[in-house]
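Biologist: I am new to this structure and should like to understand the terms used for the ligand and its surroundings. May we go through them in turn?

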Amino acid sequence: MAGPLFSVVVPATTANLGPGYDSIGLALSLYMTVEVSEAAEWQVRYSGDEYASLPTDERNLIVQTIFKVADQYGKEISPHALCIVSDIPLGKGLGSSATAIAAGIEIADNLLGLSISPNEKVRFGSEFEGHSDNVAAAILGGAVITYYVDNELYYLRLPNPAIGAVLLVPPHALKTTESRRLLPNELSHAEAAAGSAASSLLSAALATGDWKLAGQMMERDRFHESYRKELLPDFDQIREVSRQLGVYGMTISGAGPSIFVAVEQGKEQEVAAELEKRFPFYKALSVATAPRGTYVQRNEG
Ligand code: HSE
């Protein structure tokens with residue numbers, strides 16, 4: 001049997017950073033690697049138990065995305081086997097579905113020789129996922145501020161943030177659809193104005209690398225935190241302890257149920273150990289930001 005053709009590597013992401021709801025995404029140093037080989041039919045194999053519940057045939061999200069991209073370009077695509085290793089927790093608010101979509105776009109692009117531009121990849125990804133924050137960061141790496149509204153897409157990729165991060169990951173998963181159902185249909189004008197002010201200043205602080213200010217704004221969301229935090233045990237206490245530990249800021253990671261804590265570079269392990277000791281319900285992972293988005297590794301020889 002012929003060896004793998006190539007592998008695609010995609011980082012995890014945290015979305016929103018508080019008030020940047022559906023807009024801001026940050027790539028993190030946890031990765032999914034998909035090895036692509038020729039095969040008689042589509043098959044997907046995951047290493048380990050974390051992803052054991054996912055479909056391993058054509059219903060798989062990566063394969064579905066490959067089909068959609070091929071379809072967009074009016075191309076036929078022959079079956080392949082996808083062999084996947086991932087250290088990204090599944091369904092925990094760390095962009096696992098955006099990672100799968102970004103992988104599918106990259107695989108289709110390479111198998112079909114399409115040379116899709118980064119802009120088009122972000123557009124496809126946003127269409128497939130329904131929002132742009134996770135998928136833009138998964139494709140481009142670093143921190144990305146996006147505007148994806150009524151099918152109009154604009155984005156700005158910022159220099160990779162020089163911070164460390166701690167992820168508090170609970171044992172249970174939460175579907176994004178379920179978490180979005182908790183949100184109100186409408187916000188008052190005053191609430192929207194307050195959320196927008198926090199989001200604007202958060203963006204400016206991220207762009208200028210002022211993480212002290214960015215962390216303060218991360219904690220001033222009006223769009224989703226108060227509706228979702230009940231699902232995250234000890235959320236308020238974790239915020240209090242995080243402040244005592246001198247972190248930049250903490251917020252829900254994406255739609256939850258994980259928590260994202262931004263810390264000074266080099267402090268992540270110490271903060272992770274302390275938070276895990278105080279809140280043992282959560283597993284604390286210390287991570288870095290990922291400067292590089294989705295990329296292809298060619299298998300030599
Ligand atoms: N912006 C999204 C949300 C991220 O908060 O629902 C989750 O995919």
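Modeller: A polar contact is a pair of N or O atoms within 3.5 Å; within protein, one must be able to donate a hydrogen and the other to accept it, and residues adjacent in sequence count only if both atoms are side-chain atoms. The model is predicted: local features need pLDDT of at least 70, side-chain atom pairs count only at pLDDT 80 or more, and totals for chains, interfaces and linings use all residues. Residues are numbered from 1 along each chain as its sequence is written, and side-chain values use heavy atoms, with hydrogens and water left out.

Biologist: What makes the pair formed by histidine 131 and the ligand a polar contact?

Modeller: A side-chain N or O atom of histidine 131 is 3.5 Å from a ligand oxygen atom, and the limit is within 3.5 Å, so the pair counts. For asparagine 134 the corresponding distance is 3.1 Å. For arginine 228, a polar side-chain atom lies 2.8 Å from a ligand oxygen atom. The protein buries 95% of the 260 Å² that the ligand exposes when taken alone (accessible areas by the Shrake-Rupley method with a 1.4 Å probe).

Biologist: Why are four residues of the shell around the ligand called charged?

Modeller: Asp, Glu, Lys and Arg count as charged, and the residues surrounding the ligand include Asp22, Asp133, Arg180 and Arg228; therefore these four belong to that class. The shell also has three nonpolar and five polar residues. Ala, Val, Leu, Ile, Met, Phe, Trp, Tyr, Cys and Pro are nonpolar, and the others, Gly among them, are polar.

Biologist: How do you know that both domains take part in the shell?

Modeller: Domain 1 (6–159 + 290–298) and domain 2 (164–288) each give at least three residues to the shell, with bounds from an automatic or database domain assignment.

Biologist: What makes asparagine 16 notable for its phi?

Modeller: Most residues other than glycine have a negative phi. Asparagine 16, however, has a positive phi, near 85°.

Notes: Near = heavy atom within 4 Å.
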